[in-house]
Amino acid sequence: MTWHIKGEYYENCSCTNFCPCTWSSMSAPATNDYCRANMAFAVSDGEVNGVNMSGVTFVIVVDSPPVMADGNWKVGIVINSGSSDEQMNALGAVMSGDIGGPAAMLKDMIGEMLGMERQEISIEDTGSDFHLQIGETAEYNASIITNPMTEQPVKLVGMMHPAGDELTMANVHKVNNTLMGVSFSGENLSGFRTQFSWAA
């Protein structure tokens with residue numbers, strides 16, 4: 001069986017924004033003994049097991065040790081409330097890692113599954129700023145970080161990440177997050193944005 005989904009990706013985690021001395025020209029203080037994150041995927045096109053996945057938005061909720069490679073993550077999935085049962089089941093198959101794709105890479109990292117639930121998910125994206133609201137208990141707003149000399153987005157490239165090997169960096173101005181028992185909040189935290197494409 002082959003399948004694919006693609007679209008836009010948005011991330012916020014509990015770390016003080018990625019090596020703060022670099023993106024802030026040494027103006028922000030340097031970060032936690034845990035990693036907690038929301039990894040949001042807005043699917044613009046895709047099909048899994050014959051199910052059309054266009055319009056599905058889902059968020060991977062992560063609570064992991066400070067060194068993520070150590071595994072033992074707690075992971076939950078929130079899917080937008082307008083998704084059908086068929087779409088939810090298809091996403092469950094993708095996120096299980098049993099049908100390949102990037103989720104298979106994460107499978108061994110998970111120590112506890114927190115389940116899957118529906119909530120309202122809203123994403124506003126102007127290209128330079130984005131705002132996410134997940135249910136009534138998770139919200140953040142962010143801006144793309146730019147090089148002050150060229151005004152081009154600052155990017156992280158060549159690393160291993162489930163959304164792809166190139167991420168545009170963003171400063172999350174303020175976040176208040178509680179989802180599936182995973183909580184964090186703060187100002188000037190780490191964020192990323194990119195286009196993703198998953199297939200197997």
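This short presentation covers the strands, one helix and several side-chain contacts of the structure shown above. Please keep in mind that this is a predicted model.

Let me begin with strand 11, residues 166-179. Strand 11 runs antiparallel to strand 9, residues 138-144, and seven bridges join the two. Within that pairing, Ser-143 has Asn-171 of strand 11 as its bridge partner. Strand 11 also pairs in the antiparallel sense with strand 10, residues 155-157, over three bridges; here Leu-156 is matched with Leu-167. Finally, 11 bridges connect strand 11 to strand 12, again in an antiparallel arrangement, and Met-169 has Phe-192 of strand 12 as its bridge partner. Strands 11 and 12 form a hairpin with two residues between them, and Met-180 in the turn takes a positive phi of about 55°.

I turn now to the aromatic residues. The model contains eight aromatic pairs. One of them joins Tyr-10 and Phe-130: the ring centres are 5.2 Å apart, the planes stand at 55°, and the pair is tilted. Tyr-10 and Phe-130 are both buried. Phe-41 and Phe-196 make another pair, with centres 5.0 Å apart; their planes are at 90°, over the 60-degree cut-off, so this pair is classed as edge-to-face. Phe-41 belongs to strand 2, residues 35-48, and Phe-196 to strand 12, residues 182-199, so that the pair links distant parts of the chain, 155 residues apart. Both of these phenylalanines, Phe-41 and Phe-196, are buried. They also belong to a cluster linked by ring pairs, whose members are Tyr-9, Phe-41, Phe-58, Phe-196 and Trp-198. A further ring, that of Tyr-34, has Arg-36 over its face, at 3.9 Å from the ring centre.

Trp-198 also brings us to His-4, since the two are in contact. His-4 lies in strand 1, residues 4-16. Is His-4 buried, exposed or partly exposed? Its relative accessibility is 34%, and it therefore counts as partly exposed. Beyond its sequence neighbours within four places, the contacts of His-4 include Asp-45, Gly-46, Glu-47 and Ala-199. With Asp-45 there is a polar contact between side chains, at 3.3 Å.

Lastly, helix 2, residues 85-96. Its 12 residues should span 16 Å at 1.5 Å a residue, and the end C-alpha atoms are indeed 16 Å apart, so expectation and model agree. The buried residues of helix 2 include Gln-87, Met-88, Ala-90, Leu-91 and Val-94. In an α-helix there are 3.6 residues a turn, so residues three or four places apart point the same way. Just after helix 2, Gly-97 has a positive phi of about 80°.

Methods
Residues are numbered from 1 along each chain as its sequence is written. This is a predicted model: local features need pLDDT of at least 70, side-chain atom pairs count only at pLDDT 80 or more; totals for chains, interfaces and linings use all residues. Side-chain values use heavy atoms; hydrogens and water are left out. Helices (H or I, at least four residues) and strands (E, at least two) are DSSP runs, numbered from the N terminus. The expected span of a helix is 1.5 Å times one less than its number of residues. Buried means under 20% relative accessible area, exposed over 50%, partly exposed in between (1.4 Å probe, protein chains only). Contact means heavy atoms within 4.5 Å. A polar contact is a pair of N or O atoms within 3.5 Å; within protein, one must be able to donate a hydrogen and the other to accept it, and residues adjacent in sequence count only if both atoms are side-chain atoms. Rings of Phe, Tyr and Trp (its six-membered ring) pair if their centres lie within 6.5 Å; planes under 30 degrees apart count as stacked, over 60 as edge-to-face and the rest as tilted. A charge sits over a ring if NZ of Lys or CZ of Arg is within 6 Å of the ring centre and within 35 degrees of the ring normal. Two strands pair if DSSP finds at least two bridges between them.
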